[in-house]
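Got your viewer open? Load the model and keep the selection box handy.

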Amino acid sequence: MASSRIIARSFSRVVTSPWNYIAGKRCDPSEPTHTIKVTEPATGKVLCEVPASGQQEVSRAVAAAKQIYPKWSKLSGRERGQKLVEASRIIRENLEDISRLEVRDTGKPIWEARVDIASCADALEYYGGIAAAIVGQHVPLSGGSFAMVQREPLGVIGGIGAWNFPMQTCIWKVAPALACGNTFVYKPSQFTPITAVTLGEILQEAGVPDGVYNVVQGEGDTGVWLCGHPDVAKLSFTGSVPTGVKVMTAGAKGIKAVTLELGGKSPIIIFEDADMKNAIKATLMANFLSQGQVCSNGTRVFVQRSIFKEFVKNLVEATKKLKIGDPFAEETTVGATIHGDHAKKVLDYISSAKDEGATVLCGGERIMQSGELAGGWYLSPAVLVDCRDDMKVVKEEVFGSVASVLEFDTEEEAVSRANDTDFGLAGAVFTKDIQRGHRVASAIEAGSVWINTFNLYPTEVPFGGFKHSGVGRENGLTVIDYFTQTRTIYVEMGDVDCGPLYKD
Ligand SMILES: NC(=O)C1=CN([C@@H]2O[C@H](COP(=O)(O)OP(=O)(O)OC[C@H]3O[C@@H](n4cnc5c(N)ncnc54)[C@H](O)[C@@H]3O)[C@@H](O)[C@H]2O)C=CC1
């Protein structure tokens, strides 16, 4: 029998206002603080005008989330999970439309947006699937007494996201938080307002009650209001280290739990016995996905001296074959930088690298400055050699398509240089020697280390940073601990034993 299911009816497939989403409705803030002109990265033209939310609007969103919390948190995990799985189904059935919205927002190529949106469906399906298994514990104690450890949600979660993976960043927070019984207020990046609102409409269609998930648009000030709101129990943030410090400080003031997913400057260590083709493929993926605007990117490429020349030749050849252009074109592999100011920052890093003695073997220029997409900022992916560890481009997060390739001699040297950074988000080792692979992977000070691959984040495995790259984890079962708290109930089955304090 043919399925009678209807593909999502009610979510907007076009870029449309209003931009906030509160208590199940798209709405405008009653007192906008100002209007944000969002540009479309592909064209540089204004994509939409979004009113920024002030304190009053943030409070309205938090109140909506607080009001529905008793009802949502009292559903069984299975009931909540079924709705999240349904939302996952809606996303999969509408993957193309949602991916196209993501491309308009980010400028990333359509092939990548499809991968990102499929991963959003994966996360909703995974946390929907395990929601019924989010339970407490029974702990037997001496003399028949026991303790019950109840696992409870935290309340209203305040989420704040970056612009590079707008819907994925949002869903990595929202899916586990809702599965655990929390409700949510999300503030997307001011550069990518679209798909967080789309998610609201999809969750509503999947049966999630109005108010469980809300969106307030705005810039840093809106984030400040959300972080400081007394009814927000926890902050979950993805963004840069300096903003992460502010969010953590706001959390400290309210004694709120904080999860921070921050920046990186990850190393890839490629030994002489590595499979050359796989090492090249991974280096492309680790540097040029999403125009290099990926937190976990492996931008410090350490290559053993004996294969350095061959590796660099192959990398430059492969980089020159990348097709930079219209993000909607199927053949495009690299799209547009998020906006002009960011692109200029990336170009400045390349200039500073040259000033400090680096050689640019390919790329590092703004291209496509005529035609329909002339207003977009399209940068040709750059490969740099003659780099030193103390150069600005090698030390700081560039967040653009710039790979710095560095030579090393010994394993010990490579590990020590790889770890010589305040960041610790990710890393990788390429070798055919299984013992060396594990030894080096375990020595890299980072939350995710890949052996013979890069930039894979299945929803089942935890992701997050060591050192300045973050606090807490997203994905996997671990995240349940970050969205719940426990209450221990001790049950005494005998008499009270208070030692010598009491005498008959
Ligand atoms: N570890 C991870 O999972 C990921 C980390 N990132 C990191 O994000 C950064 C790029 O994203 P951006 O949007 O440029 O970061 P950002 O730190 O400038 O902004 C992030 C978000 O914080 C908001 N915000 C700004 N000031 C705030 C304040 N005082 N209080 C509360 N919220 C505030 C912004 O409006 C935005 O929504 C990079 O450093 C990148 O590595 C990006 C994606 C994933």
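Here is a short walk through the model, one selection at a time. Keep in mind that it is a predicted model.

**Stop 1: the two domains.** Colour 21–262 together with 469–488 as domain 1, and 267–451 as domain 2. Their C-alpha centres lie 31 Å apart. Now bring up the contacts between them: 18 residues of domain 1 meet 26 residues of domain 2. On the domain 1 side, the elements that give two or more residues are helix H3 (95–106) and helix H4 (110–130). If you colour that side by class, you get seven nonpolar, seven polar and four charged residues.

**Stop 2: helix H8.** Select 241–253, the 13 residues of H8. From first C-alpha to last, H8 reaches 18 Å, close to the 18 Å expected. Which residues of H8 are buried? Show Gly 244, Val 247, Ala 250 and Gly 251. They sit on the same side of H8, because they cover an arc of only 120° around the axis. The spacing makes sense: an α-helix has 3.6 residues a turn, so residues three or four places apart point the same way. Add strand E7 (156–160), helix H7 (220–228), strand E10 (232–238) and strand E11 (257–261) to see what the buried residues of H8 pack against. Then spin to the other side of H8, where Pro 242, Thr 249, Ala 252 and Lys 253 are exposed. Just past the helix, check the backbone of Ile 255: its phi is positive, near 45°.

**Stop 3: Glu 261.** Stay with strand E11, which holds Glu 261. The UniProt record, an unreviewed entry, annotates Glu 261 as "active site". Is Glu 261 buried or exposed? Glu 261 counts as buried because it has 28 C-beta neighbours inside 10 Å. Leaving out residues up to four places away in sequence, Glu 261 touches Phe 237, Thr 238, Cys 295, Gly 464, Gly 470 and Glu 474.

**Stop 4: helix H11.** Jump to 340–355, the 16 residues of H11, which reaches 22 Å end to end between its first and last C-alpha. Show the buried set: Ala 343, Val 346, Tyr 349, Ile 350 and Ala 353. These cover an arc of only 110° around the axis, so they share one side of H11. Their cover includes strand E14 (359–362), strand E17 (382–385), helix H12 (392–395) and strand E18 (402–408). Flip to the face turned away, and you find Asp 341, Lys 344, Ser 351 and Asp 355 exposed. Finish on Gly 357, which follows H11 and has a positive phi, near 110°.

Conventions:
Residues numbered from 1 in each chain as written. Predicted model: local features only at pLDDT ≥ 70, side-chain atom pairs only at ≥ 80, totals over all residues. Domains from an automatic or database assignment. Contact = placed C-beta atoms within 7 Å. Helix = DSSP H or I, 4+ residues; strand = E, 2+ residues; numbered from the N terminus. Nonpolar A, V, L, I, M, F, W, Y, C, P; charged D, E, K, R; others polar. Expected span 1.5 Å × (residues − 1). Buried ≥ 20, exposed ≤ 12 C-beta atoms within 10 Å, placed from the backbone. Arc of directions from axis to C-beta. UniProt positions renumbered as here; feature names shortened; annotations may be inferred.
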